[in-house]
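I opened my notebook to look up empty spaces, helix packing and a few unusual backbone spots. Here is what I wrote down, entry by entry.

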Amino acid sequence: KCIVEQGTVGASGDLAPLSHLALGMMGEGSMWSPSTGWGDAKYVLESHNLTPITLSAKEGLALINGTQLITSIGAEATERAGMVARQADVVAALTLEVLKGTSRAFDSDVHKLRAHKGQGLVAKRLRALRHSATYPSEIAQSHRFCDRVQDAYTLRCTPQVHGITHDTIDFVRGIITTEMNSATDNPIVLAERGETISAGNFHGEYPAKALDYLAIGVHELAAMSERRVERLVNPAYSELPAFLVKDGGLNSGFMLAHCTAAALVSENKTLCHPASVDSLSTSAGTEDHVSMGGFAARKCLQVVRNVEKVIAIELLAACQAIEFLRPLKTTQPLEEVYKVVRSVVSPWDKDRYMSPDIQSAGKLLKEEKIWHAVKLHMEQYNSKQDIETRFVTYQSIFLLLKVFFSFKR
């Protein structure tokens, strides 16, 4: 069914968009199916041996007076945000590796002192991906004795910035899940009590506020990523060929890819202005406060799409940077990431049409192939660390008991 994106203020439900949804069920308006394409809803239904519904009392309002549009778009935005956030951690680890950064900032004892859930999770992932004792890295070994004290914030503070994004996604997922499993029409029929109550469950403020928050949270992944791309293409930072290509005078390399990332990040800054801070009185003053949730959801989804593209560009740039560090190898999980990317995108030896490559990298992210390339390696690392932690704990207990019994004697 063709459902309009615009026209809802998220107050008395998503009336205009959901009316279009209900129209198709009634056999009115236009509808689409794989076998018929677009056509009059009545004939599309007939072609599938379906009969248009006939509405009874209250059923029309039940179909249109809810937050389904906000919630459905918000659910897609939340799930896609979760997927790109997980993989942004992996891509950040790869960039840190090729920029010859240190993992010292991700020490577990450091992050126990600021015990935010997301921060600890990201630090743990970065340790798992770059831990040279578990997964030896020739690249890390090559700069073992460098005199650099600390890395830039977009490298060193990845757990702190990516971490709040993960926590934001978890929070929003809870709001959207509750919304999906709620009655949001009006009036509410309480059959067991034999009562009908006019109330306000249709108001879109919950998903609207949550999705504005999600847009702001997930945007930071792209803000960090674009700055890391700048460090990759700038020889003053990377100590690699300018724009990650040979013959810089003849080739532009990743210059315009970085420009694209910068443009998307800048666009997101405007899209992240919260829609739900606005309200316009409608319905002759009865709906005197509205959520603007439909716009909040659409903006949020566009922010997520832009973030996916920026992370895809960083992924390509980091893999291209590895070409200039060969024959040195990175850690085993990050080599797997490199292999996945190179299965769809070849290295750049000179300029070529880059858009298809960015789309291919974006598809890898949407299909979570980058995540699946490292997931098993991280699980094995974490399992090993847990065993070592338990061993140390048991060893400490044994020593304490030994001291105790020696005193007792």
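**Entry 1: the enclosed space**

I noted before anything else that this is a predicted model. Then I went hunting for cavities, and a search of the whole structure gave me 1 cavity of 30 Å³ or more. I started with the lining of the largest cavity, whose residues sort into 6 nonpolar, 2 polar and 1 charged. I read off the names: Ala 92, Ala 93, Leu 96, Phe 106, Leu 126, Thr 154, Leu 155, Thr 158 and Arg 228. I put the space inside at about 30 Å³.

Which helices each supply at least two residues of this lining? I found helix H4 (68-98) and helix H8 (153-156). H4 gives the largest share, with 3 residues.

**Entry 2: the largest pocket**

Next I turned to the pockets. I wrote down a volume of about 1,000 Å³ for the largest pocket. Its lining counts 36 residues, and I marked Ser 103, Phe 106, Asp 107, Arg 127 and His 131 as the ones nearest the centre. I had already met Phe 106 in the lining of the largest cavity.

I checked the classes too: 8 nonpolar, 15 polar and 13 charged residues line the largest pocket. Four helices appear in my list as suppliers of at least two lining residues each: helix H5 (108-112), helix H6 (117-130), helix H7 (138-142) and helix H16 (369-408).

**Entry 3: the second largest pocket**

I gave the second largest pocket about 230 Å³ of space. Here 13 residues form the lining, and Lys 309, Ala 312, Ser 355, Ile 358 and Gln 359 lie nearest the centre. Which helix provides the largest share of this lining? I found that H15 does, with 6 residues. Helix H12 (255-271), helix H13 (293-323) and helix H15 (355-366) each bring at least two. By class I counted 5 nonpolar, 4 polar and 4 charged residues.

**Entry 4: H12 against H13**

Two of those helices deserved a second look. I saw that the axes of H12 and H13 come within 9 Å and cross at roughly 160°. An angle over 145 degrees counts as roughly antiparallel, so H12 is roughly antiparallel to H13. I recorded the crossing of H12 past H13 as left-handed.

Then I listed who meets whom. H12 brings Ala 257, Thr 260, Ala 261, Leu 264, Val 265, Glu 267, Asn 268 and Leu 271, and H13 answers with Lys 299, Gln 302, Val 303, Asn 306, Val 307, Lys 309, Val 310 and Ile 313. I split this contact into 9 nonpolar, 4 polar and 3 charged residues. Lys 309 was familiar, as one of the residues nearest the centre of the second largest pocket.

**Entry 5: H10 against H12**

H12 has a contact with H10 as well, so I followed that next. Are these two helices roughly parallel or antiparallel? I noted that their axes come within 9 Å and cross at roughly 155°, and H10 and H12 are therefore roughly antiparallel to each other. I marked this crossing as left-handed.

On the H10 side I listed His 219, Ala 222, Ala 223, Glu 226, Arg 227, Val 229, Glu 230 and Val 233, which meet His 258, Ala 261, Ala 262, Val 265, Asn 268 and Lys 269 of H12. The classes here are 7 nonpolar, 3 polar and 4 charged.

**Entry 6: H9 against H10**

I stayed with H10 and looked at helix H9. Helix H9 (residues 158-180) and helix H10 (residues 205-233) have axes 9 Å apart and pack at an angle of about 155°. H9 and H10 are therefore roughly antiparallel, and I wrote their crossing down as left-handed. The contact includes Thr 158, Val 161 and Phe 171 of H9, and Tyr 206, Leu 214 and Arg 228 of H10 among others. I sorted its residues into 16 nonpolar, 5 polar and 3 charged.

**Entry 7: backbone spots**

Last, I checked the backbone. I found a cis peptide bond between Asn 186 and Pro 187, with omega about -5°. Pro 187 sits in the loop between H9 and strand S3 (188-190). Another cis peptide bond joins Arg 326 and Pro 327, with omega about 15°. I placed Pro 327 in the loop between H13 and helix H14 (332-342).

I also flagged Asn 49, a residue other than glycine with a positive phi, near 55°. I located Asn 49 in the loop between helix H2 (41-47) and helix H3 (59-64).

Note on methods
Residues numbered from 1 in each chain as written. Predicted model: local features only at pLDDT ≥ 70, side-chain atom pairs only at ≥ 80, totals over all residues. Heavy atoms only, no water. 1 Å grid on protein atoms, 1.4 Å probe; cavity = no way out; pocket = protein on both sides within 12 Å on 5 of 7 lines; lining within 4 Å. Points joined across faces, edges and corners; volume = space filled by probe spheres on them. Nonpolar A, V, L, I, M, F, W, Y, C, P; charged D, E, K, R; others polar. Axes fitted to C-alpha atoms, helices over the stretch in contact; angles between N-to-C directions. Parallel < 35°, antiparallel > 145°, perpendicular 65-115°, else oblique. Left-handed = near helix turned anticlockwise from the far one by under 90°. Contact = heavy atoms within 4.5 Å.
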